[in-house]
Amino acid sequence: MLFEYSIKGGDFSTAGQASSRFKKVLQQLNVPPQTIKRIVIALYEAEVNIVAHAFEGTINIEVQPGYVVMTLTDKGPGIPDIEKAMEVGYSTASPKVREMGFGAGMGLSNIKNNADILEIQSKINQGTTLKITVNLNQENVIKE
Amino acid sequence: MAVKHFHHALKIRTETCFGCTHCMKVCPTEAIRIRNGKAIIQENRCVDCGECFKACPVKAIYIDQDDFERIKAFDYRIALLPAVFTGQFSRRYNREQIYSAIEATGFTHICEVEQSSELLAEQINKYAESNPAKKPLISSFCPAIIRLIQVRFPSLVNNIMLLKPPLDITALYCRKKFTDEGVNPAKIGVFYITPCAAKIAAVKSPVGEDYSMITGVINMDFLYNRVYHHLKNDHPTETKTAGERPLTPASTRWTLTHGESDHFNGRSFAVDEIHNVIDFLEKVENDEIRNVDFLELRACDESCAGGALTSANRFLIVERLRNTKPADIKIVEPSKKTIDDYRSYLETRLAIQEIKPRPIMKLDDDMEEAMKKMDKVKELMNILPGTDCAVCGAPTCQSFAKDIVQGDADIRQCIFIQKSRENTGELALPDSLKLMKEIWGNEKF
């Protein structure tokens with residue numbers, strides 16, 4: 001199954017809506033609660049990154065019985081040093097963004113911790129693509 | 001389809017219900033449908049919050065209590081009394097008078113529920129320190145919230161603190177105290193005076209406990225009426241037992257909003273009213289709200305003061321309880337032992353078992369099957385009007401679409417689909433009328 005959500009840069013007031021909506025999809029698909037949590041945390045973090053740093057972006061999600069692949073593509077400044085950006089606490093967020101409770105760094109590392117595979121491609125002044133894969137563990141499915 | 005999980009105290013009087021949909025529209029878990037002109041509660045979705053009870057305009061929803069006469073089967077008839085009971089009366093009546101009137105109804109002893117709250121407050125802080133992975137720790141106080149988390153926020157069940165609520169601790173204490181005094185346990189009847197339906201469900205089918213220490217449950221409005229009658233007619237003044245030691249002001253406030261969170265050492269929030277709780281938990285679940293240590297969550301507006309079975313206005317109850325000063329309370333019968341003497345006994349018995357999720361959102365156990373069903377729901381949502389008019393007997397178009405996919409509803413139950421199909425000749429008027437009668441009963445046509 002495919003899902004698509006578009007994200008507007010700078011629109012902090014609605015940041016997180018795509019993650020919330022996708023969470024409801026996963027719940028209906030009987031994905032184990034703890035796996036949903038990992039997916040939603042990673043997705044929320046990535047969604048807020050687009051809002052905070054890019055002009056606009058799209059989230060494309062593919063759900064298969066064994067895995068979820070979330071591809072977040074944005075038009076934005078790009079990440080100059082991906083390795084550094086992966087470090088816990090590293091942040092380029094402006095003080096204004098931090099005041100709103102966003103931009104505390106650790107975004108990418110938090111995504112990585114919750115993902116099974118994280119791939120990042122970025123071009124300066126063009127944009128960033130994040131591909132987050134989470135395996136769906138069928139063993140913990142709650143059945144009646 | 002519905003697997004029976006636990007006892008529900010909320011029942012529908014079918015002879016009174018006329019299928020007005022008020023209850024169905026306020027239900028936070030979409031547990032109600034209309035069939036044959038009557039509301040039906042789906043047992044596996046209901047969390048016993050009591051919103052439907054409060055919304056019903058004709059009192060067709062009732063809360064199933066134990067027969068009051070049952071107390072007579074015991075020599076020691078103990079009323080487990082929450083502070084909100086006293087809060088319902090005007091300050092014209094003091095604690096002594098109210099307790100005396102409770103005894104006049106047939107109880108031999110009164111045991112104040114919140115007397116265990118001080119002990120619990122200490123233990124909650126200790127529990128939080130030794131369970132940092134459970135952050136934010138969610139209070140186990142409100143049974144409707146525990147059930148809500150099980151069905152709607154399954155990923156948060158592990159955040160619920162596995163400690164008994166004050167009701168169960170006090171019940172345990174009560175039994176132990178009387179047994180220690182030489183009373184035959186079989187002669188002790190512990191009856192909880194409940195302000196809500198959820199507490200009844202919790203007593204009848206405990207979550208995280210194998211059995212309950214509570215013998216029976218009496219609805220608060222029932223006892224309120226009896227007690228008020230005594231207060232008006234008998235002007236009682238003397239009481240044999242008024243609880244061995246009066247509650248402190250902090251304990252008196254425990255069941256009000258902030259009653260628990262005020263005692264917590266870290267960053268805490270107190271959220272009341274079930275829809276507010278749902279909003280908040282959505283954000284917690286998405287990790288949008290971080291660095292919170294403790295959540296006090298209550299299903300009712302103004303917490304237990306707003307319980308479905310309290311009779312006075314909830315704000316008046318809150319006012320009386322908040323203004324309770326130690327001086328207002330007179331020790332009537334200082335007993336030899338207090339709950340403090342049982343601290344170590346109780347502290348080693350506070351733990352409850354792991355709480356398991358019971359997600360209700362899934363369309364199917366099998367993911368591939370669930371995906372197919374989700375596609376069908378999507379298709380249906382493109383056809384349905386999106387007005388959430390409830391004429392189909394389901395609360396929203398979305399819930400109706402899910403019912404169709406699960407085989408519990410027929411798309412022709414939608415009034416918009418009916419009109420379109422009548423227009424094209426696909427559906428004859430007598431057939432559409434029959435469909436409507438299946439939902440709304442014969443009387444309305």
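# A tour of chains A and B

Begin in chain B by selecting strands 7, 11 and 10, which in that order make an open sheet of three strands with parallel pairing. Strand 7 and strand 10 (268-272) of chain B are the edges, each with a single partner strand, so one side of each has no neighbour in the sheet. Two strands count as paired if DSSP finds at least two bridges between them. Helices (H or I, at least four residues) and strands (E, at least two) are DSSP runs, numbered from the N terminus.

Before going on, note that this is a predicted model, in which local features need pLDDT of at least 70, side-chain atom pairs count only at pLDDT 80 or more, and totals for chains, interfaces and linings use all residues. Residues are numbered from 1 along each chain as its sequence is written, while chains are lettered from A and ligands numbered from 1 in the order in which they are written.

**Stop 1: strand 7 and the loop before it**

Keep strand 7 of chain B selected and add strand 11 (residues 294-298): two bridges join these parallel strands. Pick B:Leu137, and opposite it in strand 11 of chain B you will find B:Phe294. Now select B:Pro136, in the loop between helix 5 (117-130) and strand 7 (137-138) of chain B. The peptide bond between B:Lys135 and B:Pro136 is cis, with omega at about -10°.

**Stop 2: the four-stranded sheet of chain B**

Next select strands 6, 5, 8 and 9 of chain B, which form an open sheet in that order with parallel pairing. Its edge strands are strand 6 (109-112) and strand 9 (216-219) of chain B, each pairing on one side only. On average, and with direction ignored, neighbouring strands of this sheet are turned by 30° against each other.

Narrow the selection to strand 5 (residues 76-81) and strand 8 (residues 188-194) of chain B, which run parallel and are joined by five bridges. Which residue of strand 8 of chain B is the bridge partner of B:Arg77? The partner is B:Gly189.

Add helix 8 (residues 197-204) of chain B, which lies across strand 8 and strand 9 and runs at about 150° to strand 8. Axes here are lines fitted to C-alpha atoms, for helices over the stretch in contact, and angles run from 0 to 180 degrees between N-to-C directions. Two residues are in contact if their C-beta atoms, placed from the backbone, lie within 7 Å.

**Stop 3: two loops of chain B**

Select B:Asn36, in the loop between strand 2 (32-35) and strand 3 (38-41) of chain B. B:Asn36 is not a glycine, yet its phi is positive, about 50°. With 14 other C-beta atoms within 10 Å, B:Asn36 is partly exposed. A residue is buried if 20 or more other C-beta atoms lie within 10 Å of its own, exposed if 12 or fewer, and partly exposed in between, with C-beta atoms placed from the backbone.

Then move to B:Lys59, in the loop between helix 2 (51-55) and strand 4 (61-63) of chain B. Is B:Lys59 buried or exposed? B:Lys59 has 10 other C-beta atoms within 10 Å and is exposed. Its phi is positive too, near 55°.

**Stop 4: the domains of chain B**

Colour chain B by domain: domain 1 (10-63), domain 2 (68-129 + 163-255 + 304-347) and domain 3 (367-440). These bounds come from an automatic or database domain assignment. The centres of domain 2 and domain 3 of chain B, taken over C-alpha atoms, are separated by 49 Å.

**Stop 5: chain A and its first helix**

Switch to chain A, which has five helices and five strands, following the pattern β-α-α-β-β-α-α-α-β-β along the sequence. Of the 144 residues in chain A, 39% are buried.

Select helix 1 (residues 17-28) of chain A: its 12 residues reach 17 Å from first C-alpha to last, close to the 16 Å expected at 1.5 Å a residue. The expected span is 1.5 Å times one less than the number of residues. Buried residues of helix 1 of chain A include A:Ala18, A:Phe22 and A:Leu26. The buried residues of this helix pack against strand 1 (2-8), helix 2 (33-53) and strand 2 (56-64) of chain A. After helix 1 of chain A comes A:Asn30, with a positive phi near 60°.

**Stop 6: where the chains touch**

Finally, show both chains: 21 residues of chain A are in contact with 20 residues of chain B. Helix 2 of chain A gives the most to the side of chain A that touches chain B, with seven residues.
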